[in-house]
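Reader: I am new to this structure and would like a close look at a single part of it, taken slowly and with the terms explained along the way. Could you walk me through the seven-stranded sheet and what lies around it?

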Amino acid sequence: MRNLRILLVNKFYRHNGGDCVHFLALEKLLRENDCEVAVMTMAHPQNQPLPPGSFEITQVSIDGNIQEKLKAVARILGYNGIRKAVRKAIHSFKPDIIHLHNIHSYLSPAVAEEAHKAGVPVVWTLHDYKLICPSYSCLRNGAPCVECLIDSDAVLRYRCMKNSIASSVVAFAEAKKWHRRKLQNITSRFICPSEFICSKMIQGGIPRNSLEVLHNFVSVEPRETQLTGREGVCYVGRLSEEKGLKYLLEAAVAGAWNLTVAGDGPLLVDLTRQYASHSNISFVGRLNSEQVADLLSKSKLSVVPSICYENNPLSVIESLSLGTPVAGSDIGGLPELINDNNGVLFEPRNSEAINYAVKKMLATKYDHAEISRKALEKFGRDSYYSKLNLIYRSLLNH
């Protein structure tokens, strides 16, 4: 059986959230399994050094001057050099499979369209809800929203994109250009990291036989699970509204338990200032992968207080893989990951419920080694690659 040639496509080539972390880890995993891999991404000064043979698309920014905005809109709609670049990559690398990740706005689904024209199967991992929600998150005014499934004008009426009519018009035009039926026709298989996002895609009109449920995997280095000496509670992730930090911090103040907040984002400065006087809360900023693993493995539990439809968050599966139980919002894909043996679910947007869940878990004795064993069995690298390889091969055989 010959080695596969996989062209991986993502808007960024750096650690910029769970989707990018997964993308970089997948590239490494495929190479370790003797696949020939090439990367296509947008040029950006914060990108990591690209591997030899990569394909780099010119940078665009929707936040620049009017000329830059027009270039970005052209890219969103499938112009501004994207098609020529994709055809060049296909001709040069001759991939067996093109595997897409986050491509909207900075690259465009034109990548999938050109691949389809060339007869190359397209696999697309869905890291968010962009196919059914023009603003990505299925979130409006701090609560879940799926109104765009029945009313395509909702993004304009509510100014869902950055609370801006201009940005919402662009998002609306993008949704009209790359509507679900077109994306379905040019994509061989959508990979859903959770049963929840799969159900939402079906609700949005994507046929079930176009969808594969495949949980993400963890790349934590093997280590002996810390069974004793664990202290405190931690949060690891982006500091933004949809992550529910407001409710977690209110709970920590009321409960007086020690909370370490790791990560950065638009709320970092304001939250650090607001809670500076609370000695039981510490903000440690963004940590590298080894520092995150150390924090998780030394904590009694981690908390994921999201108010949005989480998919298959790395923060949860990494925590469980290190033997650390998780308190998480009962929303989105989180109930698929958290059970009575490895954590507690609580009502979203409810600081009292968070405080109750955390105190309950602090008083509970967990089998950290068993939590780690089961998580690594479910989210291990080898298991993930075996399932992904079957998807790749089935498309080629078909």
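Author: **The seven-stranded sheet**

Seven strands form an open sheet whose order is E3-E2-E1-E4-E5-E8-E9, with parallel pairing. At the edges stand strand E3 (55–57) and strand E9 (211–213), each with a single partner strand, so one side of each is left without a neighbour in the sheet. Direction ignored, neighbouring strands of this sheet are turned by 20 degrees against each other on average.

A word on terms and source is due here. This is a predicted model, in which local features need pLDDT of at least 70 and side-chain atom pairs count only at pLDDT 80 or more, while totals for chains, interfaces and linings use all residues. Residues are numbered from 1 along each chain as its sequence is written, and side-chain values use heavy atoms, with hydrogens and water left out. Helices (H or I, at least four residues) and strands (E, at least two) are DSSP runs numbered from the N terminus, and two strands pair if DSSP finds at least two bridges between them.

Within the sheet, E1 and E4 run parallel and are joined by four bridges, with Leu-7 standing opposite Ile-98 in E4. On to the next pairing, E4 and E5 are joined in the parallel sense over three bridges, and there Leu-100 stands opposite Trp-124 in E5. In a regular strand the side chains alternate between the two faces of the sheet. In E4, Ile-97 and His-99 point one way, whereas Ile-98 and Leu-100 point the other way, and all are buried (under 20% relative accessible area, with a 1.4 Å probe and protein chains only).

Towards the edge strand E9, strand E8 (residues 189–192) pairs with E9 in the parallel sense over three bridges, and Ile-191 stands opposite Glu-212 in E9. Two helices can be placed against these strands. Helix H4 (residues 110–117) packs on the sheet and touches strand E1 (5–9), strand E4 (97–100) and strand E5 (122–125), contact meaning heavy atoms within 4.5 Å. The direction of H4 makes about 165 degrees with that of E4; axes are lines fitted to C-alpha atoms, for helices over the stretch in contact, and angles run from 0 to 180 degrees between N-to-C directions. Helix H8 (residues 195–203) also packs on the sheet, where H8 touches E8 and E9, and its direction makes about 165 degrees with that of E9.

A pocket can be added to this picture. The second largest pocket holds about 390 Å³ of space. A pocket is an open set of points on a 1 Å grid over the protein atoms alone, where a 1.4 Å probe fits, with protein on both sides within 12 Å along at least five of seven lines, and lining residues have an atom within 4 Å of a point. Of the 21 residues that line the second largest pocket, the closest to its centre are Leu-131, Ala-175, Trp-178, His-179 and Arg-180. Helix H6 (165–177) and helix H7 (180–186) each supply at least two residues of this lining, and H6 gives the most, with five residues. By class, the lining has 10 nonpolar, six polar and five charged residues, where Ala, Val, Leu, Ile, Met, Phe, Trp, Tyr, Cys and Pro count as nonpolar, Asp, Glu, Lys and Arg as charged, and the others, Gly among them, as polar.

Terms used:
Points joined across faces, edges and corners; volume = space filled by probe spheres on them. Buried < 20%, exposed > 50% of the residue type's maximum accessible area, 1.4 Å probe, protein only.
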